Amino acid sequence: NKSHSAAYGLICYQTAFLKTHYPAEFLAAALTDTLAKQDHTELVSTLALDCERLSVSIQAPRVNRPAYQFGVDGDSVTFGFGGVQEIGAKAVGAIERAAVDGAFLSLRDFCCRVDLFAVQKRVIENLIKVGAFDESPGNRAQKLAIVDSTMREAQEFQRNRKSGQKMLMESKGKIKDMPDSFDESISSSLVEQLVWEKELTGIYFSGHPLDEYRPFLDRACPNRCRDVLEIRDRESVVLGGMVSAFRRRVNKDGKDWITFRLTDYSQTIECVVFARQFERVTFKVLDDQVVVVSGTRGTSNFTQEPQILVEDMELLDNLHTSQRWNLELALKLDHSSIDKEMIRSLKVVAKRHIGQKHLKILYPCDGYKVEMDLPDHKIDGSLDCIREFDKALGEEKIGLLLRPPSRTFHGRRN
């Protein structure tokens with residue numbers, strides 16, 4: 001057993017050395033290793049968190065730099081085509097051979113040059129969805145709309161070229177150079193693009209679904225999903241994120257309970273809402289919702305992985321109207337930051353978002369922090385309201401305190 005220990009110790013040292021001194025190369029190799037596994041998109045998602053922790057960015061796939069495996073470009077990892085669902089080595093090889101003749105200028109140019117027996121419609125559609133054609137004209141939805149017609153024209157072009165015939169436009173050398181014709185009314189939303197990227201690769205390239213909520217989550221939620229890995233069982237947590245892998249179950253008494261995975265910027269953690277706690281949930285839980293949860297850290301009996309035993313949860317967009325969760329907003333001001341223009345801006349925002357929540361001011365005075373209510377300026381406390389205060393004063397001057405229904409929880413204003 002000592003010989004085995006020595007060998008494993010040497011391997012640990014070597015891999016730790018590579019990960020420390022050559023992080024991009026190490027992670028590219030680790031990501032490539034996942035391609036042989038059946039659940040590679042989930043493994044890619046896990047390794048992407050490691051990339052973020054080590055400040056190694058992952059570049060989206062591009063048709064003008066085709067490669068089946070993951071690669072390295074400076075300090076970044078380039079996403080391999082093999083990591084995109086339903087794209088095999090044969091199709092990637094055909095794209096690589098066609099790319100030798102120069103960059104693909106458009107979707108039409110691509111379809112005319114690649115072997116369409118190897119690169120089929122699903123391959124092209126999936127490459128469009130993950131942004132591999134973003135360097136060429138048109139948005140993703142527009143390109144998806146013309147895939148069928150473009151492939152038909154390209155197939156006819158290739159058949160004629162193989163038989164020695166020429167079409168009218170081809171005789172003038174214009175077939176491949178003709179620009180793609182798009183319907184300008186067609187577009188895809190950022191959310192739709194993010195769903196495609198996550199579904200086909202396991203990660204996001206164009207952004208993150210939580211981007212618009214991040215300023216709120218960073219200040220209002222004292223915990224992150226990654227924190228759960230480092231605390232003890234039964235410790236209280238309050239965190240926010242996006243719901244995925246939602247499942248409804250039934251216990252032996254015939255009552256519903258649910259499980260789901262909660263994802264924020266740091267990690268993904270399993271959440272369990274038992275029947276008694278699920279009765280308190282006032283909204284229909286669905287995948288892709290952004291929620292806040294309160295509960296305690298637990299450990300799964302089956303996987304021994306950490307999980308959250310949820311006591312209560314609420315939709316993030318509904319916090320300002322919730323009867324059980326309380327969100328407090330305070331303006332952190334000092335003498336140097338107060339002027340007539342700032343006061344005017346605050347009054348405009350407060351008037352635009354009239355509600356029932358008190359607006360507080362935190363003001364330093366003689367070494368103390370004085371907290372004052374503004375009874376004449378009650379606000380609704382919505383996310384739009386918070387965003388407007390952020391814009392008027394700056395995020396660093398807007399303090400948020402989120403209090404879950406649990407009486408035992410003691411939060412902090414960030």
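How do the residues of the lining of the second largest pocket divide into nonpolar, polar and charged? The tour starts there. Keep in mind that this is a predicted model.

**Stop 1: a pocket**

Select Asp 115, Leu 116, Phe 117, Gln 155, Gln 158, Arg 159, Arg 161 and Lys 162, which line the second largest pocket. The lining divides into two nonpolar, two polar and four charged residues. The pocket has a volume of about 220 Å³.

**Stop 2: two helices side by side**

Next, select helix α2 (residues 23-33) and helix α3 (residues 40-53), whose axes come within 10 Å and cross at roughly 175°. An angle over 145 degrees counts as roughly antiparallel, and α2 and α3 are therefore roughly antiparallel to each other. To see the contact, show the side chains of Leu 27, Ala 30 and Leu 31 on α2, then those of Val 44, Leu 47, Asp 50 and Cys 51 on α3. Of the residues in this contact, six are nonpolar, none is polar and one is charged.

**Stop 3: the open sheet**

Keep α2 in view and add strands β2 and β3, since the helix lies across them. Helix α2 runs at about 25° to β3. The strands belong to an open sheet of three, in the order β1-β3-β2, with mixed pairing. At its edges are β1 (58-59) and β2 (71-73), each paired on one side only. Now look at β1 beside strand β3 (residues 76-78): the two pair in the parallel sense over two bridges. Within this pair, Gln 59 of the sheet stands opposite Thr 78 in β3.

**Stop 4: Phe 205**

Select Phe 205, in the loop between α10 (190-201) and α11 (214-220). Which residues does Phe 205 touch, not counting those up to four places away in sequence? They are Ile 58, Gln 59, Ala 60, Pro 61, Phe 79, Val 130 and Glu 197. Gln 59 is thus a residue to revisit here: Phe 205 touches Gln 59, and Gln 59 stands opposite Thr 78. For the way to the last stop, draw a line from Phe 205 to Leu 262; the two are 57 residues apart in sequence and 20 Å apart in space, C-alpha to C-alpha.

**Stop 5: the barrel**

Finally, select strands β4 to β8. Five strands form a closed barrel that runs β4-β5-β6-β8-β7, and the pairing is mixed. From one strand to the next, the twist averages 50°. Zoom in on strand β5 (residues 256-263) and strand β6 (residues 268-273), which pair in the antiparallel sense over six bridges. Here Ile 258 stands opposite Val 273 in β6.

How values were computed. Residues numbered from 1 in each chain as written. Predicted model: local features only at pLDDT ≥ 70, side-chain atom pairs only at ≥ 80, totals over all residues. Heavy atoms only, no water. 1 Å grid on protein atoms, 1.4 Å probe; cavity = no way out; pocket = protein on both sides within 12 Å on 5 of 7 lines; lining within 4 Å. Points joined across faces, edges and corners; volume = space filled by probe spheres on them. Nonpolar A, V, L, I, M, F, W, Y, C, P; charged D, E, K, R; others polar. Pairing = 2+ DSSP bridges. Helix = DSSP H or I, 4+ residues; strand = E, 2+ residues; numbered from the N terminus. Axes fitted to C-alpha atoms, helices over the stretch in contact; angles between N-to-C directions. Parallel < 35°, antiparallel > 145°, perpendicular 65-115°, else oblique. Contact = heavy atoms within 4.5 Å.
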